[in-house]
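Subject: Model handover

Hello,

Please find the model below, followed by my notes on it. Take them in any order that suits you.

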Amino acid sequence: MYKKLLVCGLALLMCGCSTKAAGNDQVLTVGLSSEMNGTFSPMYYQTTNDSYVVDLVYQGLLKYNKKGELVADLAKSLPKISEDGKTMTFKLKKGIKFSDGSKFTSKDVQTTFTVMADPSYTGRFANNVDFLDGYSEYHDANASSFTGIETPDNYTVVFHLDKPRIDAVSTLGTQKICSSEYLNYKKGKTESIEKKNSKPIGTGAYVLKKFEKTSGASLVSNSKFKAKKGQYQISKIMIKKTDTSTEVKELENGTVDYIPDVIEANKIKSVQKNKSLSVDSYPSDRESFIIFNSYAGACSDVAIRKAIGYGFNAQEYIDNYYQIDGMAYKPGTFGNPVSLNNGKMIRNEEKADGVTYYDYDVEKANQILEDAGYTLAEDGYRYKDGEKLTIRFLANKDKDSLDSLIPVLQKCLNAIGIDFKANTVEFNTVINTVQDDAQTDSWDATYLGFSYGSPDDTGINFILRTGATNNFGRLSDEQLDAYLDAGMYTSDNDVSKENYHNALVRQSELCGYLPVDSTKTYCLRNKNIKGMHTTSIYNWVQSIATAYIVNK
């Protein structure tokens, strides 16, 4: 299943108004707090902002409904699975067309997955295909075809798994499908496909009409999409970048209709007092955390990471910033807050044996640093081998929460003798920096987050495993990798649950990622926007299917 990098920054689209336009068009204007990258390919997108357009333009074989159940989308039904869990057969719907008029067939499914197996593929979703038969032969050798995907006819797709995988149905089923004709794929030449990332062609309900990075995106109904009666009544969606200081005013004035993923208490309280506006909320599938650079610099020392874990008063930050009862909590462990198997442990609703809980303890933090040889000097800072212990913190300047987080970090780390230096930059600069192997010497820690998009535990593999695309901290541990692999590559839920539990215990020992907060998700909207049924894995984009706008 594709996972979304939420990374503490969202983006918007172009201006609009929610009243019915000429021709009875219903126009929805969505406001986001940071720019989109414009990478609107389901094989290449990086951020939550870009994923909104991806989800509006494309479809997968399956999708989640508002109950969190997998249901058919481009497929006719859920797949038929062999007894050993290694063969999965999808029957496809007929009569579906891409927005350019080309027919949807099994070849499009085959091409989409083959691109992600290509040796020249630079996206982050290789984990969606690397468990299929023939991946190594195609990716690492000279095989001319990817044998893990078979297409017996135009409307049948058979996936052959190298080994069972606990989330195989959701991973393969929810991957959005691209047009083979449009991609014009040739092995070893995915660079030409990347050039088309800003001009998506899908089978979904909407078509991207215009995109400008500074202003946003506009989408219109896909004339080739066959909507069920009463669905997709909104014909135009404008997504625009808003100023966080004025976005609620725009909502009040009607220049914005919907603002997703709001965590600022003052904004939520303001909207709750306005009779023409409404607030929707639900438990979030998102966890925000401090990422330590485990590869280079001060935080490559596990003692430093643990000392910060004990020395940072996360609850003080939560109390200062989240000023609505029940809005946020400090997680017990790193992981997916809505996990069916381990959610209670992650949400800190129950304690688990073996987990290292980083409860605020200045004495313990100082002792760890002393034991590691970091000596407190007269200037109040710690030194080792003549070098001051300094943490360079990379922060997104567009995220309001950092205005509360940074002072708490500053105070807490200074109190245990660490020189804390924050560098606030654009959100995309944060991402580009932590992704770049050439810049690992330029930062020690950052504050980001991850939205899991499902109740599976497997999302942590894409963050914690050695070499994983989203393992920005470059944490590497053989025992952790073994637990992660054992949790993912099985068809036995009990085996998966046990190994993911062990993986979370091991991660807590390593403290590569320090969980800081998880929240309810709050979405602000005009009351004339009806039919939204948002949940932790069914966001506003999915809810567009049943949404509609009434006259103000």
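Two strands are taken to pair if DSSP finds at least two bridges between them. Helices (H or I, at least four residues) and strands (E, at least two) are DSSP runs, numbered from the N terminus. By that count, strand 8 is joined to strand 9 by a hairpin that passes through three residues. Strand 8 (residues 206-212) and strand 9 (residues 216-221) are antiparallel and share six bridges. L208 has L219 of strand 9 as its bridge partner.

Before the rest, the ground rules. This is a predicted model, in which local features need pLDDT of at least 70, side-chain atom pairs count only at pLDDT 80 or more, and totals for chains, interfaces and linings use all residues. Residues are numbered from 1 along each chain as its sequence is written, and side-chain values use heavy atoms, with hydrogens and water left out.

Annotation

The unreviewed UniProt entry carries the annotation "domain: Solute-binding protein family" over residues 69-461. UniProt positions are given in the numbering used here, feature names are shortened, and annotations may be inferred rather than shown by experiment. Within residues 69-461 the chain is 26% helix and 22% strand. The C-alpha atoms at the two ends of that stretch are 22 Å apart.

Sheets

Strands of a sheet pair through backbone hydrogen bonds, either parallel or antiparallel. One open sheet here has four strands in the order 4-5-7-6, with antiparallel pairing. Strand 4 (80-81) and strand 6 (149-153) are at its edges; each has a single partner strand, so one side of each has no neighbour in the sheet. Strand 6 pairs with strand 7 (residues 156-160) in the antiparallel sense over three bridges. Helix 2 (residues 106-117) packs on this sheet and touches strand 6 and strand 7. The direction of helix 2 makes about 170° with that of strand 6. Axes are lines fitted to C-alpha atoms, for helices over the stretch in contact, and angles run from 0 to 180 degrees between N-to-C directions. Across from D153 is T156 in strand 7.

Another open sheet has three strands in the order 15-16-17, again with antiparallel pairing. Its edge strands, strand 15 (375-376) and strand 17 (387-388), each pair on one side only. Strand 15 and strand 16 (residues 382-384) are antiparallel and share two bridges, and T375 stands opposite Y383 of strand 16.

Helix packing

How do helix 10 and helix 13 pack, and at what angle? Helix 10 (residues 314-321) and helix 13 (residues 401-415) pack at about 150°, and their axes are 9 Å apart. The contact (heavy atoms within 4.5 Å) involves E316, Y317, N320 and Y321 on helix 10. On helix 13 it involves S401, S404, L405, V408 and K411.

Cores

A nonpolar core is a set of buried Ala, Val, Leu, Ile, Met, Phe, Trp, Tyr and Cys residues joined through side-chain atoms within 4.5 Å. Buried means under 20% relative accessible area, exposed over 50%, and partly exposed in between (1.4 Å probe, protein chains only). The largest core has 67 residues, and L61, F159, I237, I239 and W540 touch the most other members. A second, separate core has 55 residues, including I268, C299, A314 and V408.

Single residues

Two residues other than glycine have positive phi values: R474, near 60°, and C511, near 55°. R474 is in the loop between helix 15 (461-464) and helix 16 (478-488), and is buried at 18% relative accessible area. C511 is in the loop between helix 17 (493-510) and strand 21 (513-526), and is buried at 1%.

L394 belongs to strand 18 (residues 390-396) and is buried, with a relative accessible area of 5%. Neighbours within four places in sequence aside, L394 is in contact with N423, V425, V430, T433, V434, W443, A445, T446 and Y447. L394 and D257 are 137 residues apart in sequence and 32 Å apart in space, C-alpha to C-alpha.

N266, in helix 8 (residues 265-272), is exposed at 57% relative accessibility. K364, in helix 12 (residues 362-371), is partly exposed, with a relative accessible area of 38%.

Regards
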